[in-house]
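Ready for some practice in reading a protein structure? Work through each exercise on your own before you look at the solution.

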Amino acid sequence: MLRSKAFIRFFSSGLQALALQVLGSIFFYVISVYLSKDSFGAISWMNAISIFITTILGFGLEQVVIRRIAASQRSDWAAAAFLFHSLVAFSATLAVLWLLSLVLHDDIYRLLPWFFAAQGLLFMGIPLKQFLNAKEKFTPYGVIAIVSNSLRVCGAFYLIAVHQLQVRSIIMVMICTAGAELLALLTYVIAKTDFSFKFRFQAYKKLLKESTAQYISVIFDMSLSRMDWLLLGFMASKAVLADYSFAYRAYELTRLPMLIIAPVILPRLSRLMTSKLTNELRDQVNAFNTAELLLAMLLPFVFNILWTPVVGMITGGKYGATNAGEFLILSLCIPLQFFINLLWSLSFSIKKYKAVSSVTVTCAITNIGLNFVLIPLFNGIGSAVAFLITNVLQAVLYYRLVNKHVMHISLKPFAILLPIALAGWFITAFLNVHFLLRLLLGVGFYLAAAVVTKQLSRRTIQNTQQFLTQ
C-alpha cells in the first residue's frame, strides 16, 4: 500500500514535469526549427527577462509557502496570502512595462509586456499549485498543465500550417494557453478543495518576514539559470543565444527525473525533519543519494552520445553539431544538480534560510563575474563553462552546510560512479560503430560496473524505497 502511494506521488509529480519540461521543450523546439535563429534568440531573451521579473515579484514566497503548508495543516492561509501578493505584483508590473513600451521604441521592448503577460498568468497560478503540491496532490495540476501545454504545441503547429508563425502570433498562443491554465486551476481549487481566499494582513506580513532571507536566495538562484541568457543577449548575437538557449533547454529536459523527484522529497523532508534525526533516516537519505547519482551520472553519458546524430537529424542540421560543445558542458552539471537539490532540500527543511541565501548569493555573483569574463572570449561555450564552475562551487558550499548543521552525506557514490561514467565514455568513444550500438555497450558497461562496486545493490534499493514510502 505504501509503495503504491509512493508510485502515485511520483507519477503525479511526473505529470507536472512532463507538461512543463517535455511539452514545453517540444513547443520551443517547433518554433526554433521554423523561425530564424535571430527571431528564436529574441524570444528566448524576452522569455528569460519575463521569468526573471516574476522571480523578483515572488519575493521568495513559493518555497516558504509549500514548507509551511506541508509542515502544518493550520498554515493553509499562506497560499491565500501568496495569491493576493501575486495578483497585486503582476498587475502593477504589467502597468509599468506598458508605460515603458511607450517610451522605448525598440520592437523587443514593445513586445516585452506581452511576453510578461503570458509568464505573469502562470505566476499567479503558482500559489494554487503550491497549495496542492504541499498536500501531495500532484495529479490535478499535472493534468491541467499537460492539457494547456498540449494546446500550446497544437497552436504552434496550427500557425505553421497557415503560414502565420511569427513572434507576435506565438505570443498570443502563449497568453491564451497560460490564461486557460490559470482558469482551470482556479476552478479545480474552488470546486474540489477547502482552499480559503480569506486574506489576513498580519499573517501576510509574518509570511513576508519569514521569506525575506529566502528572497535574496531566490533572486540569485534564478540568476544562475537565466543570467547567462540575459548577458548573452546583451554581449553576443541573437544567433549565439539561439544556439545556447536550445542546448540549455535540452539540458533542462535531460534533468527531468530530478524535477519529478524534487516536489516529492521537499514536503517529505519538511515533515520528517520536525522530529529527531535518527540513524535509520540518515542511512535512508544516503541510500537515496546513491540511487539519485546512479541515474544522474548515466544521463549525460546517454544524451551526449545521442546529441549530434539525433538533434542534427530532427532539426535538419540547424542545431546539433553547432552547439554540441555547449550541451556537453551543461550536461556535466546534471549529477551536481541532483546532489545540490538534495542538499538544498535538507537545508531548507530545517529553516537554514540565511545560510542557503549566502550560498546562493556567492554562487550567483561568481556566475555573473565568470560570464562577463568568458562570454567575450568564447560566446556560448564561455557561458556553459561559467555555469559548470558555479555548480561545482554550489555543491561544495551546500555540502559543507549540510555536513555541519544537518547530517553527513557520503561522497563515496561520486568517487566511484564518476570514474565509471568517464571510463565508459572514453572506451566507447573509440569504437567505430553505430551510435545506438555504442549507447548499448556504454550503458551495459556502466550498470555492470555499478553492480560490481555495490553502488547498485539490494540494500540501496530497499533503503531508498523506505525513505520514499514512510
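**Exercise 1: Cysteines**

The count of disulfides in this predicted model comes to zero. Cys154, for one, is in no disulfide: the nearest cysteine sulfur belongs to Cys176 and is 14 Å away.

Your task: find out why Cys363 has no bond to the closest cysteine sulfur.

Solution.
- Step 1. Look for the partner: the closest cysteine sulfur to that of Cys363 is in Cys333, 12 Å away.
- Step 2. Recall the cut-off: a disulfide needs two cysteine sulfur atoms within 2.5 Å.
- Step 3. Conclude: Cys363 is not bonded to Cys333 because 12 Å is too far.
- Step 4. Add the surroundings: Cys363 counts as buried because its relative accessibility is 0%.

**Exercise 2: A charged pair**

Your task: identify which side chains meet in a salt bridge, and where they sit in the chain.

Solution.
- Step 1. Start with the count, which comes to one salt bridge.
- Step 2. Name the pair: Lys37 and Asp243 meet through their side chains, at 2.9 Å from N to O.
- Step 3. Place them: Lys37 is in helix 2 (residues 37-58) and Asp243 in helix 9 (residues 238-254), so the pair links distant parts of the chain, 206 residues apart.
- Step 4. Check accessibility: Lys37 and Asp243 are both buried.

**Exercise 3: The nonpolar core**

Your task: say how many residues the largest nonpolar core has, and which residues Phe467 contacts beyond its neighbours within four places in sequence.

Solution.
- Step 1. The largest nonpolar core has 151 residues.
- Step 2. Phe467 is among those with the most contacts inside this core, as are Phe27, Ile31, Leu346 and Ile409.
- Step 3. Leaving those sequence neighbours aside, Phe467 touches Ile265, Arg268, Leu269, Leu272, Leu281, Gln284, Val285 and Phe288.

Conventions: Residues numbered from 1 in each chain as written. Predicted model: local features only at pLDDT ≥ 70, side-chain atom pairs only at ≥ 80, totals over all residues. Heavy atoms only, no water. Buried < 20%, exposed > 50% of the residue type's maximum accessible area, 1.4 Å probe, protein only. Core = buried A, V, L, I, M, F, W, Y, C linked by side-chain atoms within 4.5 Å. Contact = heavy atoms within 4.5 Å. Salt bridge = Lys/Arg side-chain N within 4 Å of Asp/Glu carboxyl O. Helix = DSSP H or I, 4+ residues; strand = E, 2+ residues; numbered from the N terminus.
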